[in-house]
Amino acid sequence: LYRIGRFSKNWGLGAVISSGENTWDRFYSGYEGIEAQLKLGSFYLTPMWAKLHTQNAANGKYDAYETSIEALYDNSNRNLKVGVYYSIKEVETNDGLYNAGSQKVNLIDVFVKKEWGDFTLALEIPMLSGEINNLYGTGNADFDSNAYILETQYKLNSKWDLGFNGGIVKG
């Protein structure tokens, strides 16, 4: 599978990378770039390079780029998905009024999902770290944060699901 141009994508439970296609999604991750998915049995390897999609026309003042690779093991016979998403995002602003600066963010996002009959358990652990250099007049700062997101679901019948969603964010 190859994608070239404008596209959205989803990773894991959609905590950080969300395609925005579900009813209650609050955002979507839009890209303008190239992505290639390589498949070997139940293993997928997907490198990507893209400019992050914004509502502003491309003018060289607000450039944000992402380089990423995702590795996913998806075995439908065992109802198991395990994967890691790694990306580097770089933001450069060059607005002469108040907005000159840069940001560099590293994301490591681990995802596990297992199904046993009508019961599903999924966990996503995004870990963000990076630096902000006078972006939006904030000065220079380093940051390091991670989160733990858990989703469970039990399918009672064709109309009803019972579930628990929870999480915690540190940093």
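Hi everyone, let me start with burial: of the 171 residues in this chain, 30% count as buried. Please keep in mind that what you have on screen is a predicted model. As for the surface, the chain exposes about 11000 Å², and carbon and sulfur atoms supply 55% of that area.

Now, the fold. How many helices and how many strands are there in the chain? Zero helices and ten strands. So to speak, the sequence reads β-β-β-β-β-β-β-β-β-β. On contacts, if we take those with a separation of 6 or more, residues 24 or more positions apart account for 42% of them.

Let me walk you through one corner of this, around strand β2. Strand β2 covers residues 30-36, and five of its seven residues are buried, which leaves the strand mostly covered. What does β2 pair with? With strand β1, residues 2-8, β2 runs antiparallel, and seven bridges join the two. If you want to find that pairing on your screen, look for Phe7, whose bridge partner in β2 is Tyr31. Then there is strand β4, residues 43-52, which is also antiparallel to β2, with five bridges between them. Here, look for Ile34, which stands opposite Trp49 in β4. While you are looking at strands, a general reminder: in a regular strand, side chains alternate between the two faces of the sheet.

On to the aromatics. The count comes to six aromatic pairs. One of them is Trp116 with Phe119: the ring centres are 6.1 Å apart and the planes sit at 25 degrees, under the 30 degrees that stacking requires, so this pair is stacked. Are these two residues buried or exposed? Something in between: Trp116 has a relative accessible area of 46%, so it is partly exposed, falling between the 20% and 50% limits. Phe119, with 32% relative accessibility, counts as partly exposed for that reason too. Elsewhere in the list, Trp11, Tyr85 and Phe111 form one aromatic cluster.

Last stop, the surface. Which residues make the nonpolar surface patch of about 700 Å²? They are Tyr2, Leu38, Leu45, Ile69, Val84, Tyr86, Ile108 and Met127. Let me pick out Leu38, which has its place in strand β3, residues 38-40. Leu38 has a relative accessible area of 44%, so it is partly exposed, and that value is over the 30% needed to belong to a patch.

That's my tour, friends. Thanks for listening!

How values were computed: Residues numbered from 1 in each chain as written. Predicted model: local features only at pLDDT ≥ 70, side-chain atom pairs only at ≥ 80, totals over all residues. Heavy atoms only, no water. Helix = DSSP H or I, 4+ residues; strand = E, 2+ residues; numbered from the N terminus. Buried < 20%, exposed > 50% of the residue type's maximum accessible area, 1.4 Å probe, protein only. Contact = heavy atoms within 4.5 Å. Areas by Shrake-Rupley, 256 points an atom, 1.4 Å probe, with all protein chains shown as cover. Phe/Tyr/Trp six-rings, centres within 6.5 Å; stacked < 30°, edge-to-face > 60°. Pairing = 2+ DSSP bridges. Patch = residues over 30% accessible without salt bridge, like charges linked within 9 Å, V, L, I, M, F, W, Y side chains within 5 Å. Salt bridge = Lys/Arg side-chain N within 4 Å of Asp/Glu carboxyl O.
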